[in-house]
Amino acid sequence: MDSKRTKRIKTIILLSIIWFVVTLPLPMLISTPDEVRPQMYVMLQIVGLMSIPFIMLAIVWTIKPELTT
């Protein structure tokens with residue numbers, strides 16, 4: 001039972017990491033001029049806040065997969 005729980009936790013963490021990496025505009029962060037950088041940080045915060053519901057969906061669907069049908 002405990003190994004199943006750790007497997008679910010690892011899956012949730014992996015899905016969260018993948019989601020954040022896919023949604024972050026990393027090339028824009030590297031090649032952005034210094035004048036625009038504060039706006040990029042605001043955009044990153046907005047993307048992070050918008051990602052929370054999707055991560056919650058991943059957690060719920062991992063815990064109760066019967067909700068997907």
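1. Start with S16, which counts as buried at 15% relative accessibility. You'll find S16 in helix α1, the stretch covering residues 2-23. Its side chain reaches back to the backbone oxygen of I12, at 2.9 Å. The "buried" label applies because 15% falls under the 20% cut-off. Bear in mind as you read on that this is a predicted model.

2. I12 turns up again when you look at M56. The two residues sit 44 apart along the chain, yet their C-alpha atoms are separated by 9.3 Å. M56 belongs to helix α3, residues 37-63. As for its surroundings, M56 is partly exposed, with a relative accessible area of 46%. So I12 has two roles in this note: its backbone oxygen is what the S16 side chain reaches, and its C-alpha is the one paired with that of M56.

3. Now a second serine. Is S51 buried or exposed? S51 is buried, at a relative accessible area of 2%, and its place is in helix α3. A polar atom of the S51 side chain lies 2.8 Å from the backbone oxygen of V47. Leaving aside residues up to four places away in sequence, S51 touches W19, F20 and T23. If you have the viewer open, S51 and those three partners make a good view to pull up.

4. On the overall layout: the chain has three helices and zero strands, running α-α-α from the N terminus on. There are 69 residues, and buried ones make up 17% of them. Among contacts with a separation of 6 or more, 50% are between residues 24 or more positions apart.

5. The outside deserves a look too. The accessible surface of the chain comes to about 5700 Å², and 74% of that belongs to carbon and sulfur atoms. A nonpolar surface patch of about 550 Å² is made by W19, F54, L57, V60, W61 and L67. Which helix gives the most to this patch? That would be α3, with four residues. F54, one of the patch members, has its place in α3 and is partly exposed, with a relative accessible area of 45%. W19 is worth a second glance, as it belongs to the patch and is also touched by S51.

6. How many salt bridges does a search of the whole structure find? Just one. The side chains of E66 and K64 meet in a salt bridge, at 3.4 Å from N to O. Both partners are partly exposed: E66 has a relative accessible area of 49%, and K64 has 42%.

7. Finally, confidence. Mean pLDDT for the chain is 79, and 90% of residues reach 70 or more. Where is confidence lowest, and where is it highest? The low end is helix α2 (residues 26-30), at a mean of 69, while α3 is highest, at 82. For the residues in this note, that puts M56, S51 and F54 in the helix with the highest mean confidence.

Methods: Residues are numbered from 1 along each chain as its sequence is written. This is a predicted model: local features need pLDDT of at least 70, side-chain atom pairs count only at pLDDT 80 or more; totals for chains, interfaces and linings use all residues. Side-chain values use heavy atoms; hydrogens and water are left out. Helices (H or I, at least four residues) and strands (E, at least two) are DSSP runs, numbered from the N terminus. Buried means under 20% relative accessible area, exposed over 50%, partly exposed in between (1.4 Å probe, protein chains only). Contact means heavy atoms within 4.5 Å. Accessible areas come from the Shrake-Rupley method with a 1.4 Å probe; for residues, only the protein chains shown count as cover. A salt bridge is a side-chain nitrogen of Lys or Arg within 4 Å of a carboxyl oxygen of Asp or Glu. Patches are made of residues with over 30% relative accessible area and no salt bridge: like charges are joined within 9 Å, nonpolar side chains (Val, Leu, Ile, Met, Phe, Trp, Tyr) within 5 Å. pLDDT is the predictor's confidence in each residue, from 0 to 100. A polar contact is a pair of N or O atoms within 3.5 Å; within protein, one must be able to donate a hydrogen and the other to accept it, and residues adjacent in sequence count only if both atoms are side-chain atoms.
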